[in-house]
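Colleague: I should like to understand the terms used for this model. Could you take me through them?

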Amino acid sequence: MDRLGTIRRRDAEIDFSDLARRFSAATQFNAGIKSPRIAVIGDFCLDKYLYLFPSLNEVSVETGLVARQVRATRLYAGVGGTIANNLRALGAETFCFGVVGEDGEGFDLVNALRKIGADVEGVVASNEVLTPTYMKPMSPAESPTGVPIDSPAPERGEWIESERIDIRGTRPAPAKAVEEVERRFLERVDSFDAAIVSDQFQPGSETLFSASFRQFICDCAEARPDKFFLCDSRFFVDSYRNVMVKCNANELLDARDVATSGERRRETNLERDAEGDLPGLASIAADFAERNGRPILVTRGAHGSLCVGYDEPTRTYEAVVVPANPVSPPIDVCGAGDATNAGLAFARSLGFSIVESSYLAGVASSITIRQIGTTGVATTREILDVLLRNAAR
């Protein structure tokens, strides 16, 4: 990837008092201020937690094998559903577009989205699709004596997640279902303040996404340059144009490798200290910012994030180092990226700058990772509290 021009790198300048004041004013939705309307389009799955009670295990008469006993379940909308849940917690009107199967998991997934108050008119059901499902067996933690503690409900006691069981189809959704998602999205896209694209499943395991569907997203964004499109793609960062891409440091390195060699990995490479290589990340991100025609946000864990943009007239790049909101352990990073997506699109919809929105997205993520054992969400009140504490320092 050949890059022309120079990269200007600077630290973000955040005036916490001013940002707190403006954020508070912008989120007074009960005072006549309109809530942002944000779409989530792409991959959705059902997160199905199964709570096992070992003391109730039975031996099957038919097989002689242990029949593990489930006495409680919890169902959540995952992947794009986690983004939707975060948007709803922030107060955004949320609209979902995707494909589910005509199966029990599909029913449960759509119902979980309805329960959080999301609009599901853009979700298409197909009898040719298996609803993507992550089944998560949960076992009671052991007591100090090493004896498992049975709890009467998931809300009580400590639970440990066992090996996950995934349900995935072996082929993409049929063309008619994908076309219907596209049609429903085009009918409503002009009414949205922002759209978040959730492209998360591995190559070969896609339900909705394909080269043509990714091109559909790029074309939608190109036709609406004033509308904020944000894409989070675990494996296909290199495939997007005309949208702002959010990825982590390792995903960016993978995208660089794909762009230069054509080799696409099923999993991101875990290169040592990728998050700490600021000059290297800035250089690679600059290439993608120029190619995509939009800024790119690279999350760097405890280091914060890096927001890189390209200015065509001057052929220059700006890489802004956005600080993290430090948190102390224990933390649970499950869903941190989805909280970042929701926070970024939400803030941009309210009129905050790209850099301010990137910082607010990081704050939202820092709040969710303190919520242990669950995929957390952040509220506007919690974000404002962080801003006020930082302003007081």
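Modeller: The answers below take up cysteines, burial, cavities, the pocket and the sheet.

Modeller: This is a predicted model, in which local features need pLDDT of at least 70, side-chain atom pairs count only at pLDDT 80 or more, and totals for chains, interfaces and linings use all residues. Residues are numbered from 1 along each chain as its sequence is written, and side-chain values use heavy atoms, with hydrogens and water left out.

Colleague: How do you know that Cys231 is in no disulfide?

Modeller: A disulfide is a pair of cysteine sulfur atoms within 2.5 Å. The nearest cysteine sulfur to that of Cys231 belongs to Cys218 and is 7.9 Å away, so Cys231 is in no disulfide. For Cys307 the nearest is the sulfur of Cys247, 11 Å away, and Cys307 is in no disulfide either. A search of the whole structure finds zero disulfides.

Colleague: Why is Cys307 called buried?

Modeller: Buried means under 20% relative accessible area, exposed over 50%, and partly exposed in between, with a 1.4 Å probe and protein chains only. Cys307 has 4% relative accessibility and therefore counts as buried. Cys231, at 0%, is buried as well.

Colleague: What lines the second largest cavity?

Modeller: A cavity is a set of points, on a 1 Å grid over the protein atoms alone, where a 1.4 Å probe fits but cannot get out; a pocket is an open set with protein on both sides within 12 Å along at least five of seven lines, and lining residues have an atom within 4 Å of a point. The lining here is Gly42, Asp43, Phe44, Val99, Pro132, Phe201, Thr207 and Leu208. The volume of this cavity is about 30 Å³, where volume is the space filled by probe spheres set on the points, joined across faces, edges and corners.

Colleague: Which residues are closest to the centre of the largest pocket?

Modeller: The largest pocket holds about 1,500 Å³ of space. Of its 50 lining residues, Val333, Cys334, Gly335, Ala336 and Gly337 are the closest to its centre. The largest share of the lining, five residues, comes from α9; helices (H or I, at least four residues) and strands (E, at least two) are DSSP runs, numbered from the N terminus.

Colleague: What makes β1 and β8 edge strands?

Modeller: Two strands pair if DSSP finds at least two bridges between them. The open sheet has 10 strands, in the order β1-β17-β16-β15-β14-β13-β12-β2-β7-β8, with mixed pairing. β1 (6-11) and β8 (119-126) each pair on one side only. Within the sheet, β14 and β15 (residues 296-299) pair in the parallel sense over four bridges.
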